[in-house]
Amino acid sequence: MTTSITVCLCTYRRPHLAETLNSLQQQQLPDDVHLSISIADNDLLESGRALVEAFQQHSDLQVSYAVQPQKNISMARNTSVANARGQWLAFIDDDEKASPTWLATLLACARQFDADAVMGQVDTRYPEQTPEWISAGNYFSKSLSPTGTHMDVGSTCNALVKRSVLPHPSAPFDVSRGTLGGEDTTLFHDIHARGGVIVSCREAVVSELVEPQRLNRHYLLQKATRIGETYAAIFFTPLSPAGKTVQFLKAFAQTVIAAFGAVLLRPIGKKHSFRYVMRMMSNWGKVRYFFNTPPVELYK
């Protein structure tokens, strides 16, 4: 029996899309696996069309290209899912490159652990102009638990999921998070809450090239704050008033502790102290949740 996989890929004005597509063309898959690609361009001007058409000229893969004109990452992801035909959906970002065994390894891991979704490893690549304190601190790295570890959240930067476990077959991503981010974390937590099995797979690797405009203190702090806000929205919302009070006090205390840590470590170098600044802002994001503060919009 043939297993069908569709790679769902969203893009927005990134020339790197060509490298991402070429890495998908080079996937080494078993003979019984059929691969296709569903691309959603979130640019009204269709800036990705030329790159996709150039790729199609030398590729035998079935490629769907559609435009989602409204600037909303959740709507774009939903468009890519709606046009996908695979039993399994794989997700990768348009600033990433997949290793040749990426998909085969994700699928083998799903079968080995009888999983509904698998999260793979993302290795970070920094451009030459990266400030030394950022590359030394490796603040854009993404950690992943050992292979086979059960998870309650996930990310679309490197994932494989059964279409049958999506909360909605063609629109699984929450459009209210379309300018905020965290829509993928919310989706995978929803799958977990419904009884879906999510596991990690360190051997399924993609590499991510950090965009130059993100290589600064402001973006890192905005992202850390948004991560805290997303965490709170997912895990604190279902709690009782007493439970929320406990989490508020804990988040506030951790904010203060991280702030002191940043100050104490500053004399030995920004590389060390800034990690505590990010922890401070992540916990501050949790605190903001309790005051209904307008959330950080990373994709506005």
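So, H16: buried or exposed? In this predicted model, H16 is buried, because its relative accessible area is 12% and the cut-off for buried is under 20%. You'll find H16 in the loop that runs between β1 (3–11) and α1 (17–25). Now, what does H16 touch, once we skip residues up to four places away in sequence? The list is D94, D95, E96, K97, R125 and L209. One of those, D94, also gives us a distance to look at: a polar atom of the H16 side chain lies 3.2 Å from the backbone oxygen of D94.

Okay, let's step along into the helix. S23 is in α1. Like before, let's ask about burial. S23 has a relative accessible area of 4%, so it counts as buried. Leaving out residues up to four places away in sequence, S23 touches K97 and A98. K97 should sound familiar, since H16 touches K97 as well. Then there's a polar atom of the S23 side chain, which sits 2.6 Å from the backbone oxygen of T20. And if you want a sense of scale, pick S74, which is 51 residues from S23 along the chain: the two C-alpha atoms are separated by 24 Å.

Next up, the loop between β2 (33–41) and α2 (49–57), where we find N42. N42 is buried, because its relative accessible area comes to 7%. Which backbone atoms does the N42 side chain reach? One is the backbone oxygen of Q68, at 2.8 Å, and another is the backbone nitrogen of N72, at 3.2 Å. Q68 and N72 turn up again among the residues that N42 touches. Beyond four places in sequence, that list also has T11, Y12, Q70, K71, I73 and A76.

Stay in that loop for a second, because E46 is there too. How exposed is E46? At 32% relative accessibility, E46 counts as partly exposed, whereas N42 is buried. The thing to look at in E46 is the backbone: phi is near 55°, which is a positive value, and E46 isn't a glycine.

Keep that positive phi in mind while we jump to α9. This helix has 21 residues. From its first C-alpha to its last, α9 reaches 30 Å, close to the 30 Å expected at 1.5 Å a residue. Which residues of α9 are buried? They are S273, F274, V277, M278, M281, S282, N283, G285, K286, V287 and R288. A bit of general background helps when you read that list: an α-helix has 3.6 residues a turn, so residues three or four places apart point the same way. As for what covers the buried residues of α9, that includes α5 (132–137), α7 and α8 (241–265).

Now, just after α9 comes N292, and here's the positive phi again, about 50°. N292 is another residue other than glycine with such a value. Unlike the buried residues I've shown you, N292 is exposed, because its relative accessible area is 70%.

N292 also takes us to a pocket. The second largest pocket is lined by R177, L180, R226, E229, T230, A233, R288, Y289, N292, T293, P295 and V296. The elements that give two or more residues to that lining are α7 (217–235) and α9 (270–290). Which of the elements gives the largest share? That's α7, with 4 residues. R288 is worth a second look, as it's in the pocket lining and is one of the buried residues of α9. By type, the lining has 5 nonpolar, 3 polar and 4 charged residues. The volume of this pocket is about 200 Å³.

Last stop: cavities. How many are there of 30 Å³ or more? The count comes to 1. The largest cavity has a volume of about 50 Å³. Its lining is made up of D95, F140, K142, E208, L209, V210, E211, R214, Y219 and K223. At least two of those residues come from β9 (198–209), and at least two from α7. What kinds of residue are they? They divide into 4 nonpolar, no polar and 6 charged.

And that brings us back to where we began. D95 and L209 are in the lining of the largest cavity, and H16 touches both D95 and L209. So if you're clicking around the model later, try starting at H16, in the loop between β1 and α1.

Conventions
Residues numbered from 1 in each chain as written. Predicted model: local features only at pLDDT ≥ 70, side-chain atom pairs only at ≥ 80, totals over all residues. Heavy atoms only, no water. 1 Å grid on protein atoms, 1.4 Å probe; cavity = no way out; pocket = protein on both sides within 12 Å on 5 of 7 lines; lining within 4 Å. Points joined across faces, edges and corners; volume = space filled by probe spheres on them. Nonpolar A, V, L, I, M, F, W, Y, C, P; charged D, E, K, R; others polar. Buried < 20%, exposed > 50% of the residue type's maximum accessible area, 1.4 Å probe, protein only. Polar contact = N/O pair within 3.5 Å; in protein donor to acceptor, adjacent residues only side chain to side chain. Contact = heavy atoms within 4.5 Å. Expected span 1.5 Å × (residues − 1).
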